[in-house]
Amino acid sequence: MTSRPYILAETNWNALKAATFDLAVLPWGATEAHNYHLPYATDNYEADALAAESARIAWEKGGKVIVLPTLPFGVNTGQSDIYLDINLNPSTQFAILCDIIEVLNRQDVFKLLLFNSHGGNNFKSIVRELGLKFPKMFISLSNWTQVVDKYSYFEEKGDHADEMETSLMLHLHPDLVLPKEKWGDGASKGYKIKSFSEGWVWAERQWSKISADTGVGNPHRSTKEKGERFFTDVTQKMGNFMFELCQADLGDMYE
Ligand SMILES: [Zn+2]
């Protein structure tokens, strides 16, 4: 394996001592149960692979992008009773981001893309507060699950360890996916009060009460081919965006 120049964890001081980058990408995952059959680091494996391939596309167009190491713990406040789901509080995420952005800001890397890979990570309010603290920084946020319409790739509705995530992992790390007879059906419960499912009222779900296998969404129609097609389309679109962001003039962002 040769080191990829746009992956900070792989590159070296020899390459970096005279380098400059326009955009830092920070993938952020979670460590949590994913139905019976997917690994606890599913969100991190997805973030690693999707961010790296997107950055490769941007880099090959000429974008000066660097992917920082994936943060492996996310907000899992609703899963406190699920064994070894490792929770990072939102206030801790804020503190971590302050420290990382302080480095970027000091070293003139003024564009940051938070590459979110976990539903419990809600960075929007954090990004607003960081924007006040670091006015020179342009901090953007993307959830890769929303880059394309997942239901034109996958049949079963879901949002955790579902057909989409299982297909992706069959494509990326089939060695870490348990055989199909071990997959749970990902059946889940919603609130009795229907307003919650209409989307205009929100309360955190206690995960252990809504799903027996921790999955939300039936994974049984998953295939590695579906995972590959989704991966290719997400990274193509994301890679083009990263390139555009690299090129963007921060003094002239609106039209
Ligand atoms: Zn996940």
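1. In this predicted model, the side chain of Glu198 forms a polar contact with the side chain of Trp200, at a distance of 2.8 Å. Glu198 itself belongs to helix H6, which spans residues 195–198. Its relative accessibility is 57%, and Glu198 is therefore classed as exposed, the cut-off for that class being over 50%. As to its position relative to the rest of the chain, the C-alpha atom of Glu198 lies 26 Å from that of Pro90, a residue 108 positions away along the chain.

2. Tyr83 is another exposed residue, because its relative accessible area is 68%. Tyr83 is found in the loop that connects strand S2 (65–67) with H3. Between the C-alpha atoms of Tyr83 and Ala33 there are 8.1 Å in space, whereas 50 residues separate the two in sequence.

3. The zinc ion deserves a separate point. Its protein donors are His34 through NE2, Asp43 through OD, and Glu165, which is listed twice through OE. These donors lie 1.9 to 2.7 Å from the ion. Along the chain, the donors follow the spacing H-x8-D-x121-E. His34 is in the loop between strand S1 (23–28) and helix H2 (42–61), while Glu165 is in helix H5 (residues 163–172), so this pair ties together parts of the chain 131 residues apart in sequence.

4. Which geometry does the zinc site have? The site is irregular, with angles among the four donor atoms that run from 52 to 149 degrees. A tetrahedral assignment would require all angles to lie between 85 and 135 degrees, so the range found here excludes that class. With regard to solvent, His34 and Glu165 are both buried.

5. The second largest pocket has a volume of about 360 Å³. Its lining comprises 14 residues, of which Phe21, Ile66, Leu104, Gln107 and Val109 are the closest to the pocket centre. By residue class, the lining consists of 11 nonpolar residues, two polar residues and one charged residue.

6. Which helices each supply at least two residues of that lining? They are helix H1 (13–16) and helix H3 (90–106). H3 makes the greatest contribution to the lining of the second largest pocket, namely three residues. H3 also bounds the loop that holds Tyr83, the residue discussed in point 2.

Conventions
Residues are numbered from 1 along each chain as its sequence is written. This is a predicted model: local features need pLDDT of at least 70, side-chain atom pairs count only at pLDDT 80 or more; totals for chains, interfaces and linings use all residues. Side-chain values use heavy atoms; hydrogens and water are left out. Donors are N, O and S atoms within 2.8 Å of the metal (3.2 Å for Na, K and Ca); water is not among the atoms, so sites may look incomplete. Four donors count as tetrahedral if all angles lie between 85 and 135 degrees; four count as square planar and six as octahedral if opposite donors are over 155 degrees apart and all others between 65 and 115; anything else is irregular. Helices (H or I, at least four residues) and strands (E, at least two) are DSSP runs, numbered from the N terminus. Buried means under 20% relative accessible area, exposed over 50%, partly exposed in between (1.4 Å probe, protein chains only). On a 1 Å grid over the protein atoms alone, a cavity is a set of points where a 1.4 Å probe fits but cannot get out, and a pocket is an open set with protein on both sides within 12 Å along at least five of seven lines; lining residues have an atom within 4 Å of a point. Grid points are joined across faces, edges and corners, and a volume is the space filled by probe spheres set on the points. Ala, Val, Leu, Ile, Met, Phe, Trp, Tyr, Cys and Pro count as nonpolar, Asp, Glu, Lys and Arg as charged, and the others, Gly among them, as polar. A polar contact is a pair of N or O atoms within 3.5 Å; within protein, one must be able to donate a hydrogen and the other to accept it, and residues adjacent in sequence count only if both atoms are side-chain atoms.
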